[in-house]
Amino acid sequence: MTSTCASRRTHDQFRADVLAGLSRPQKRLPSKYFYDAAGSQLFDRITELPEYYPTRTELAVMREHAAAMAARCGPRCLLVELGAGSLVKVRLLLDELVAPAGYVPVDVSGEHLRGAARELAADYPGLGVHPVVADFTRPFELPPVPAARRVVYFPGSTIGNFDPAEADDLLGRVARLVGPGGGLLLGIDLRKDTAVLEPAYNDARGVTAAFNRNLLVRINRELGADFDPAAFRHRAFYNHERSRIEMHLVSAAEQRVQMGGATFAFRAGESIHTENSYKYAPAEFAQRAAACGLRADATWTDANGFFAVMHLTAIL
Ligand code: AVJ
């Protein structure tokens, strides 16, 4: 039972999630599966697009306020990053931290994680780097590294991809993971004009459309489905009522898709909901976090108020 290897378990979970998602009245697929090798490359291209403001704005906020953020983290902290991303942002923080006790990147992709950890360790001699291969949307344990304080770093506004109940659950688990007095440094994308939001997810070059469709390409390759990605149209719009960008793949025609023994029928115009990207107001987010055991005590934003990095402290 415990001998099943991690990649096998991940694969089985992927299959189960896809089957369950496509069996619902409103078909859906979890956005965490966007990031295979091709999807990660497409996401990197998205971050460079003129319309996609979040990454460059967050980087600007980090560059300007890294010293203040590091001061909040305090000396000898153990920095735990959820998702081992590009490593650019965490370097800005590491450059300012006073005698960090260690760096723990947590990521599902063991390969990506080890590569990133090695790269970072080479540039920060003396820093203990302890990668943990885990799906951070589920409970995981930290290596027993002595530290003055544990701080979780969760950049990129990935929290926005969680539904409110899932986000609350994650916030609660982070509070328990860092313990009373521990911290969370979090990137969140803020509410703004639809005229700014919608183009960010409907870029002129069609990179976001390719990123969205790549999920079908991945399902074909890894789960043996027979999706025709070209028969699905990319659609992204801002849902005001729920303060979120929704991404869908809309079937251009009536069609059937096979996967394993199962068949999924699509009406013309029927969609698969592939992602939510929630946008928050800082005060509202702080209120939600407080109910999950985290008190917001510092917020840094850009001049436009497009993006915020928030520091929160776990309370008893
Ligand atoms: C930054 C990874 C959270 O919601 O903006 C980009 C991913 N989806 N374009 C976001 C994404 C479509 C994304 N994250």
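A residue counts as buried when its relative accessible area is under 20%, and Ser-243, with a relative accessible area of 11%, is therefore buried. The model in which this holds is a predicted one. Ser-243 sits in the loop that runs between strand E7 (232-239) and strand E8 (244-251), and although Ser-243 is not a glycine, its phi is positive, at about 50 degrees. Most residues other than glycine have a negative phi. A second serine with such a backbone angle is Ser-157, which is not a glycine and yet has a positive phi of about 55 degrees. The loop that holds Ser-157 lies between strand E5 (149-154) and helix H6, and Ser-157 counts as buried because its relative accessibility is 8%.

From Ser-157 the reader can move to Asp-189, since Ser-157 is among the residues that Asp-189 touches beyond four places in sequence. Asp-189 belongs to strand E6, and its relative accessibility of 2% is why it counts as buried. The contacts of Asp-189 also include Tyr-53, Pro-54, Tyr-201, Tyr-278, Lys-279, Tyr-280, Phe-306 and Phe-307, again leaving out residues up to four places away in sequence. With Tyr-53 the contact is a polar one, in which the two side chains are joined at 2.6 Å.

Tyr-201, which Asp-189 touches, leads on to the ligand. Around the ligand there are 13 residues, of which Tyr-52, Asn-161, Tyr-201, Glu-275 and Ser-277 come nearest. By class, the residues of this shell divide into seven nonpolar, five polar and one charged. Polar side-chain atoms approach oxygen of the ligand from several residues: a polar side-chain atom of Tyr-201 lies 2.6 Å from an oxygen atom of the ligand, an N or O atom in the side chain of Ser-277 is 2.6 Å from a ligand oxygen, and for the side chain of Asn-161 the corresponding distance is 3.2 Å. On its own the ligand has 360 Å² of accessible area, and the protein covers 96% of it. Helix H2 (37-46) and strand E11 (271-278) are the elements that give two or more residues to the shell around the ligand.

Strand E11 also holds Thr-274, which is buried because its relative accessible area is 1%. The side chain of Thr-274 makes a polar contact of 2.8 Å with the side chain of Asn-212. Apart from neighbours within four places in sequence, Thr-274 is in contact with Leu-29, Pro-30, Ser-31, Phe-34, Asn-212, Leu-215, Met-247, His-248 and Leu-249. One of these, Phe-34, is 240 residues away from Thr-274 along the chain, while the C-alpha atoms of the two residues are separated by 9.0 Å.

Leu-29 is a contact of Thr-274 and is also touched by Val-18, together with Ile-219, Leu-223 and Met-259, when residues up to four places away in sequence are not counted. Val-18 is part of helix H1 (residues 6-22), and at 1% relative accessibility it counts as buried. A separation of another kind is found between Val-18 and Glu-81, which are 63 residues apart in sequence and 27 Å apart in space, taken from C-alpha to C-alpha.

Helix H9 (residues 282-291) shows how burial can be arranged around a helix axis. Within H9, Phe-285, Arg-288 and Ala-289 are buried. Seen down the axis of H9, its buried residues fall within an arc of 100 degrees, so they line one face of the helix. Ala-283, Gln-287 and Ala-291, on the other side of H9, are exposed. The cover over the buried residues of H9 includes helix H6 (164-178) and strand E6 (183-189), as well as strand E12 (294-301) and strand E13 (307-314). After H9 comes Gly-293, a residue with a positive phi near 95 degrees.

Helix H6, part of that cover, contains Arg-173. Arg-173 counts as buried because its relative accessibility is 14%. The side chain of Arg-173 reaches the backbone oxygen of Arg-138 at 3.2 Å, and, beyond four places in sequence, Arg-173 touches Phe-136, Thr-137, Arg-138 and Pro-139.

Technical notes. Residues are numbered from 1 along each chain as its sequence is written. This is a predicted model: local features need pLDDT of at least 70, side-chain atom pairs count only at pLDDT 80 or more; totals for chains, interfaces and linings use all residues. Side-chain values use heavy atoms; hydrogens and water are left out. Buried means under 20% relative accessible area, exposed over 50%, partly exposed in between (1.4 Å probe, protein chains only). Helices (H or I, at least four residues) and strands (E, at least two) are DSSP runs, numbered from the N terminus. The arc is that of the directions from the helix axis to the C-beta atoms. Contact means heavy atoms within 4.5 Å. A polar contact is a pair of N or O atoms within 3.5 Å; within protein, one must be able to donate a hydrogen and the other to accept it, and residues adjacent in sequence count only if both atoms are side-chain atoms. A residue is near a molecule or strand if one of its heavy atoms lies within 4 Å of it. Accessible areas come from the Shrake-Rupley method with a 1.4 Å probe; for residues, only the protein chains shown count as cover. Ala, Val, Leu, Ile, Met, Phe, Trp, Tyr, Cys and Pro count as nonpolar, Asp, Glu, Lys and Arg as charged, and the others, Gly among them, as polar.
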